[in-house]
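Hi,

Here is the structure I promised to pass along. Have a look at it first, and my notes come right after.

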Amino acid sequence: MKLNDIRDNDGARKSKMRVGRGIGSGKGKTSGRGQKGQKSRSGVAIKGFEGGQMPLHMRLPKRGFNNPFGKDYAEVNLGMIQKFIDAGKIDIGQDLDHAALKAAGLARGGKDGVRLLGKGELTAKAKFIVAGASKGAIEAVEKAGGSVQIIEKKVDADAEAKKQKSADKKAAKAKK
């Protein structure tokens with residue numbers, strides 16, 4: 001056997017059908033799309049349309065709701081923090097805040113900060129500065145000799161100014 005004898009198995013590479021190339025090809029003229037209508041035109045995707053029958057996504061009941069005021073915390077368990085401390089990925093000499101936990105790869109997302117949860121054990125003494133913590137997590141950290149400081153998310157100065165401005169407008173409108 002030589003290099004020039006090597007070939008794919010029969011049927012291993014199937015060439016794509018070239019449509020619209022004459023009547024003899026079997027896919028000429030309308031290219032297998034039938035005659036006229038929306039689906040014969042280009043740029044059409046009728047997703048979820050079931051020919052006038054009520055589509056599945058509309059037959060199923062609505063469920064739940066999205067809380068517009070819900071907080072988005074990055075939840076971190078004490079067991080994982082201890083694991084990262086043992087591996088040397090977290091320096092306990094510094095305060096453990098959102099930035100430190102994110103840099104270590106523990107806190108993912110959480111635009112409203114980090115929430116500490118009490119799953120697992122913590123043996124290292126560490127100081128946490130977080131947006132929230134469960135009762136069990138606070139007890140476990142204090143038992144290990146550490147401390148938990150809970151901070152409030154900073155409110156934008158711009159947002160505060162907008163609130164004040166709208167309040168002033170309402171007051172001026174009420175005077176009239």
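Below is what I found, going from the whole chain down to a few residues.

First, a heads-up: this is a predicted model.

On overall dimensions, the radius of gyration of the protein is 31 Å, whereas a compact globule of 176 residues would come in near 16 Å. The C-alpha trace spans about 85 × 80 × 35 Å along its principal axes.

How much of the protein is buried? Of the 176 residues, 20% count as buried. The exposed surface comes to about 14,800 Å², and carbon and sulfur atoms account for 51% of that area.

As for the fold, there are 5 helices and 5 strands. Going along the sequence, they come in the order α-β-α-α-β-β-β-α-β-α. If you look at contacts between residues at least 6 apart in sequence, 43% of them link residues that are at least 24 apart.

One local spot to click on is at the start of the chain. Which residues form a nonpolar patch on the surface there? They are M1, L3 and I6, and together they have about 450 Å² of accessible area. L3 sits in the segment before helix 1, the helix that covers 56-59. Why does L3 count as exposed? Its relative accessible area is 78%, and the cut-off for exposed is over 50%. So L3 is a nonpolar-patch member that is also clearly on the exposed side of that cut-off, because 78% is its relative accessible area.

Cheers

Definitions and conventions:
Residues are numbered from 1 along each chain as its sequence is written. This is a predicted model: local features need pLDDT of at least 70, side-chain atom pairs count only at pLDDT 80 or more; totals for chains, interfaces and linings use all residues. Side-chain values use heavy atoms; hydrogens and water are left out. Patches are made of residues with over 30% relative accessible area and no salt bridge: like charges are joined within 9 Å, nonpolar side chains (Val, Leu, Ile, Met, Phe, Trp, Tyr) within 5 Å. Accessible areas come from the Shrake-Rupley method with a 1.4 Å probe; for residues, only the protein chains shown count as cover. A salt bridge is a side-chain nitrogen of Lys or Arg within 4 Å of a carboxyl oxygen of Asp or Glu. Helices (H or I, at least four residues) and strands (E, at least two) are DSSP runs, numbered from the N terminus. Buried means under 20% relative accessible area, exposed over 50%, partly exposed in between (1.4 Å probe, protein chains only). The radius of gyration is taken over C-alpha atoms; the globule rule is 2.2 Å times the number of residues to the power 0.38. Contact means heavy atoms within 4.5 Å.
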